[in-house]
Amino acid sequence: MGASTVTSAPADLTVVVLAYGDEPYLGAAVGAALDSRDVSLRMVVVDNGCTTDAVERLPDDPRVTVLRPGRNLGFTGGVDLGARDVTTPYLALLNSDAVPRPDTFARLVATLRDEPDVGIAGALVVLADEPQTVNSAGNPLHVLGLSWAGSMGTPAADAAGVRDVASASGACLVLPTAWWRELGGFPVEYFAYLEDLELGWRTWQHGRRVVVVGEAVAAHHYEFGRSPLKMYLVERNRLLLLLTTMQRRTLLLLAPPLLAFEAAIALVAVLQGWGRAKVRGWGWVLRHGGWIRARRRVVQGSRTVRDRDLAHLMTDRFEPAQMPLPASAAPLERVLQLYWRAVRRAL
């Protein structure tokens, strides 16, 4: 690892990283962050249940603090814990398998300093084993509440510059610490998945932009996986996102396609072997109606921007690389697109 200059000057940035499981790339991620240029930083590593000695093998650096909550708090709870006592002006989230370039954090901080209407600045996340290819250039929000790694598989060169996105990937992003606290961080109930989308969407609802900086790059050791637990969390959190962040009128107008999609995704879940996970998600929503109503009051009561003014950030198209549809579904997607374009005028 290259040499880093450790100074006693106040840091600009605190980087929060979670450790869980075997963590083969944790040392590379932390080491690369510590080698960042043109920005002074600290790091908080939250041991959420690392099963190897990867945390013990981290660099002996005074800028690194390790927290051990004693149990897996999930991504949301772990990040909230790691950010709890941050005193630096900026807060960064970095996946334990994402390796930032030396100038990445400096570029993200500079964007936030130069453009005060930006609430979150995300890195361009590329594939570690194919660094000329995008893993995520910002994650979209589909009108049905779905999200995925945006622009996956496209050339990284096409993502140059600063671009508005619905949300930035939690693999590598920076935001002002004060903004994180104003939004209240992550809702711990999400546990994992779609929490970065929720944070980004609430940023837009509060009148600030979310951007991806094409020259701020992080290489992600990305592996797509699907398990009943993951699908349970993804589908449950999709419903939580819709029920808490969307205005009542939006939900009413989208009710027909949302209900149709629920039936369709339930059938898919049964055919693919995670039907019980889908039902479990419905069960959680029904049992926690009180939390959903309370969360909705907080989110809707603090927003300053209406859904109609954010509709241009939502998509009615599925990206084939991430959300492939059978040919038979193409007419249904077209119907959804026509429906959305009609109801957008009524938001």
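**Close-ups of a predicted model: salt bridges, a serine and two cysteines**

**View 1. Asp316 and its arginine partner.** Asp316 has 8% relative accessibility, so Asp316 counts as buried. Everything in these legends comes from a predicted model. Asp316 pairs up with Arg341 in a salt bridge, and the closest N and O atoms sit 3.4 Å apart. The two ends come from distant parts of the chain, 25 residues apart: Asp316 belongs to the loop between β12 (314-315) and α10 (330-343), while Arg341 is in helix α10 itself. And how does Arg341 count, buried or partly exposed? Arg341 comes out as partly exposed because its relative accessibility is 34%, and the partly exposed class runs between 20% and 50%.

**View 2. A network built from shared partners.** Here the thing to look at is a group rather than a pair. Glu115, Asp117, Asp164 and Arg209 are joined into one network by salt bridges that share partners. Zoom out to the whole model and the salt bridge count is 18.

**View 3. Glu198 meets Arg295.** These two side chains form a salt bridge, with an N to O distance of 2.8 Å. It ties together distant parts of the chain: Glu198 sits in helix α5 (residues 195-205) and Arg295 in helix α9 (residues 289-302), 97 residues apart. Are the partners buried or exposed? Both Glu198 and Arg295 are buried.

**View 4. Lys278 and Glu262, helix to helix.** Another salt bridge joins Lys278 to Glu262, and their closest N and O atoms are 2.9 Å apart. Lys278 lies in helix α8 (residues 275-287) and Glu262 in helix α7 (residues 248-272), with their positions 16 residues apart in the numbering. Lys278 and Glu262 are both buried.

**View 5. Ser147 in its loop.** Find Ser147 in the loop between β8 (141-142) and β9 (162-164). Which backbone oxygen lies 2.6 Å from a polar atom of the Ser147 side chain? That oxygen belongs to Pro140. Leaving aside residues up to four places away in sequence, Ser147 touches Asn139, Pro140, Leu194 and Leu197.

**View 6. Two cysteines, zero disulfides.** Cys172 has 0% relative accessibility, so Cys172 counts as buried. Cys50 also counts as buried, because its value of 15% falls under the 20% cut-off. Don't go hunting for a sulfur-sulfur link in this view: searching the whole structure turns up zero disulfides.

Methods
Residues are numbered from 1 along each chain as its sequence is written. This is a predicted model: local features need pLDDT of at least 70, side-chain atom pairs count only at pLDDT 80 or more; totals for chains, interfaces and linings use all residues. Side-chain values use heavy atoms; hydrogens and water are left out. Helices (H or I, at least four residues) and strands (E, at least two) are DSSP runs, numbered from the N terminus. A polar contact is a pair of N or O atoms within 3.5 Å; within protein, one must be able to donate a hydrogen and the other to accept it, and residues adjacent in sequence count only if both atoms are side-chain atoms. Contact means heavy atoms within 4.5 Å. A salt bridge is a side-chain nitrogen of Lys or Arg within 4 Å of a carboxyl oxygen of Asp or Glu. Buried means under 20% relative accessible area, exposed over 50%, partly exposed in between (1.4 Å probe, protein chains only). A disulfide is a pair of cysteine sulfur atoms within 2.5 Å.
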